[in-house]
Amino acid sequence: MNAIVFLRKFPRIGIYIVMFITVLFTFLEIMVILAIFIIAFALSFSMVHEREDSFRDVPYSILKTFVMMTGELEYDDYYANMEKPLLYPYATIPLFICFIVFVPIVFMNLLVGLAVDDIKEVQHRAGLERSCMKIELIFQVESLLPKSWLHQINLKKEKST
């Protein structure tokens with residue numbers, strides 16, 4: 001983490017690290033809301049897919065639902081499998097459709113939109129932030145130099161003026 005904070009001060013890559021950190025904090029804020037949806041859908045999937053190993057207990061159901069959020073829905077394995085028909089098809093299919101609409105579509109588009117907005121804001125402030133980071137880097141480097149060197153440099157500057 002210290003390396004990231006240090007690298008943030010360099011002009012070429014610093015702005016990308018600032019963008020990454022900004023988007024990460026936005027994601028963590030949205031994750032609170034997303035966690036509520038994931039837990040709710042995980043509990044629902046656990047009830048309607050009680051025969052499936054992935055949904056048999058709540059922790060695995062939450063993990064499987066989180067993985068489904070990324071787009072790994074496995075429709076053929078759970079919903080179109082004729083060897084293992086659904087126990088509650090009139091509840092399972094609408095639940096699955098609601099999950100697809102709310103989580104992979106709505107939340108992913110929300111995250112992309114917020115990330116784009118964060119990046120625009122960071123780029124807008126980039127010049128000022130870059131200058132501030134350069135000044136902080138100069139102060140940090142200066143604090144590492146021996147006091148006698150700084151004193152000699154200051155004396156040279158005074159003699160030249």
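**Exercise 1. Find the residues with the most contacts inside the largest nonpolar core, and say which helix supplies the largest share.**

Solution. Start with the rule. A nonpolar core is a set of buried Ala, Val, Leu, Ile, Met, Phe, Trp, Tyr and Cys residues joined through side-chain atoms within 4.5 Å. Buried means under 20% relative accessible area, exposed over 50%, and partly exposed in between, with a 1.4 Å probe and protein chains only. The largest core has 20 residues, and Leu 34, Phe 45, Met 68 and Phe 99 have the most contacts inside it. Next, assign the elements. Helices are DSSP runs (H or I, at least four residues), numbered from the N terminus. Helix 2, helix 3 and helix 5 each supply at least two residues of this core. Helix 2 gives the largest share, seven residues. A second, separate core has six residues, including Ile 15, Val 18, Met 19 and Met 133.

This is a predicted model, in which local features need pLDDT of at least 70, side-chain atom pairs count only at pLDDT 80 or more, and totals for chains, interfaces and linings use all residues. Residues are numbered from 1 along each chain as its sequence is written, and side-chain values use heavy atoms, with hydrogens and water left out.

**Exercise 2. Place Met 68 and list what it touches.**

Solution. Met 68 sits in helix 3 (residues 58-69). Its relative accessible area is 1%, so Met 68 is buried. Now the contacts (heavy atoms within 4.5 Å). Leaving out residues up to four places away in sequence, Met 68 touches Phe 45, Phe 55, Leu 73, Phe 96, Phe 99 and Pro 104. Then check a backbone distance: the C-alpha atoms of Met 68 and Val 103 are 8.8 Å apart, with these positions 35 residues apart along the chain. Val 103 also appears in the contacts of Leu 34, along with Met 69 and Phe 107, under the exclusion of residues up to four places away in sequence.

**Exercise 3. Classify the aromatic pairs Phe 37 with Phe 102 and Phe 41 with Phe 99.**

Solution. Rings of Phe, Tyr and Trp (its six-membered ring) pair if their centres lie within 6.5 Å; planes under 30 degrees apart count as stacked, over 60 as edge-to-face and the rest as tilted. The structure holds six such pairs. Take Phe 37 and Phe 102: the centres are 6.0 Å apart and the planes 40 degrees, a tilted pair. Phe 37 lies in helix 2 (residues 11-48) and Phe 102 in helix 5 (residues 89-144), 65 residues apart. Phe 37, at 31% relative accessible area, is partly exposed; Phe 102, at 38%, is partly exposed.

Take Phe 41 and Phe 99: the centres are 5.2 Å apart and the planes at 80 degrees, so this pair is edge-to-face. Phe 41 in helix 2 and Phe 99 in helix 5 are 58 residues apart. Phe 41 is buried at 9%, and Phe 99 is buried at 0%. Finally, Phe 41, Phe 45, Phe 55 and Phe 99 form one aromatic cluster.

**Exercise 4. Locate the salt bridges Asp 53 with Arg 56 and Glu 74 with Lys 64.**

Solution. The rule asks for a side-chain nitrogen of Lys or Arg within 4 Å of a carboxyl oxygen of Asp or Glu. The count is two. Asp 53 and Arg 56 meet at 3.2 Å, N to O; both are exposed. Glu 74 and Lys 64 have their closest N and O atoms 3.0 Å apart. Glu 74 lies in the loop between helix 3 and helix 4 (75-78) and Lys 64 in helix 3, so the bridge ties together parts 10 residues apart in sequence. Glu 74 is partly exposed at 26%, whereas Lys 64 is buried at 9%.
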